[in-house]
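Q: Please take a close look at the internal cavities of this protein. I would like to know how they are lined and where the lining comes from.

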Amino acid sequence: MNEVKPQRLEYVEQTRQALVAAAERLFVEDGYRQTSMDAVGAAARFTKGAVYRHFKDKQTLFEAVFERVQTDTATTLLANAPSADDAWQWGLDAVAKYLQACTETRYRRIVLEEGPAVLGWSRWRELDQQYAGRLLELVLSELMDKQLLPRYPADLLARLCCAIIGEAARTIADAEAPDAVREQTLAILTKLLTGLRLP
């Protein structure tokens with residue numbers, strides 16, 4: 001009896017993850033409006049009823065996809081903890097990797113293009129702060145702990161930097177030549193952050 005319940009929970013979670021993965025593919029390829037719950041079920045090889053058992057509507061499913069993309073991106077950016085000697089470069093690399101993610105189809109489509117339209121500006125901003133904002137706060141806190149930046153309130157500094165980087169991300173996503181804009185943006189952000197750096 002005790003083994004049956006964990007197996008059942010594992011199956012439920014596997015089903016949910018399969019649906020989220022299928023929805024992500026369709027949202028990226030076809031867009032949110034053109035993707036139906038039927039199509040998600042078919043792509044994941046489940047019935048529409050199975051989709052609705054896990055997600056009450058398409059927007060709830062999109063939010064799960066949004067969170068998955070943000071979590072994967074944060075995991076990649078924070079893959080290696082910095083040493084005392086390379087913390088500054090680690091911080092700059094994290095910003096560079098984030099800007100690179102903005103040029104990639106998966107992140108650009110889900111987070112920067114579809115996200116604000118599907119979730120609404122307030123909910124999108126709330127989730128962006130929860131993921132991208134929290135990620136930036138961790139990076140800045142690490143740099144302050146290593147005495148590379150002055151000791152400011154981490155949440156305030158993160159919000160200000162997040163506003164700048166967020167606008168940069170949307171500019172990159174909308175650009176005809178995103179790689180060129182990303183390089184220009186990174187150069188500007190590096191100068192801004194270097195201006196805050198302690199001698």
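A: What follows describes the cavities, after a short note on the fold and before a look at one surface patch.

The model is predicted. The protein has 9 helices and 0 strands, so that the pattern read along the sequence is α-α-α-α-α-α-α-α-α. Along the principal axes, its C-alpha atoms fill a box of roughly 60 × 50 × 25 Å. Of the 199 residues, 44% are buried.

Rolling a probe the size of a water molecule over the atoms shows where empty space is left. Searching the whole structure gives 3 cavities of 30 Å³ or more.

The largest cavity has a volume of about 160 Å³. Its lining consists of 15 residues, and those nearest the centre are Y98, A132, L135, L136 and I165. Three helices each contribute at least two residues to this lining: α5 (87-103), α7 (121-145) and α8 (154-174). Sorted by class, the lining of the largest cavity comprises 12 nonpolar residues, 1 polar residue and 2 charged residues.

The second largest cavity holds about 80 Å³ of space. The residues that line the second largest cavity are W88, G91, L92, V95, L136, V139, L140, L143, C161, I165 and L193. Here α5, α7 and α8 are the elements that give two or more residues to the lining. By class, 10 residues in the lining of the second largest cavity are nonpolar and 1 is polar, with no charged residues. Glycine counts as polar in this scheme, and G91 is in the list of lining residues.

The two linings can be read side by side. L136 and I165 are among the residues nearest the centre of the largest cavity, and L136 and I165 also line the second largest cavity. Helices α5, α7 and α8 each supply at least two residues to the largest cavity. Charged residues number 2 in the lining of the largest cavity, while the lining of the second largest cavity has none.

Nonpolar side chains also occur on the outside. I164, I188 and L192 form a nonpolar patch on the surface, and together they have about 280 Å² of accessible area. I188 belongs to helix α9, which covers residues 178-196. The relative accessible area of I188 is 53%, so I188 is classed as exposed, the cut-off for that class being over 50%.

Technical notes:
Residues numbered from 1 in each chain as written. Predicted model: local features only at pLDDT ≥ 70, side-chain atom pairs only at ≥ 80, totals over all residues. Heavy atoms only, no water. Patch = residues over 30% accessible without salt bridge, like charges linked within 9 Å, V, L, I, M, F, W, Y side chains within 5 Å. Areas by Shrake-Rupley, 256 points an atom, 1.4 Å probe, with all protein chains shown as cover. Salt bridge = Lys/Arg side-chain N within 4 Å of Asp/Glu carboxyl O. Helix = DSSP H or I, 4+ residues; strand = E, 2+ residues; numbered from the N terminus. Buried < 20%, exposed > 50% of the residue type's maximum accessible area, 1.4 Å probe, protein only. 1 Å grid on protein atoms, 1.4 Å probe; cavity = no way out; pocket = protein on both sides within 12 Å on 5 of 7 lines; lining within 4 Å. Points joined across faces, edges and corners; volume = space filled by probe spheres on them.
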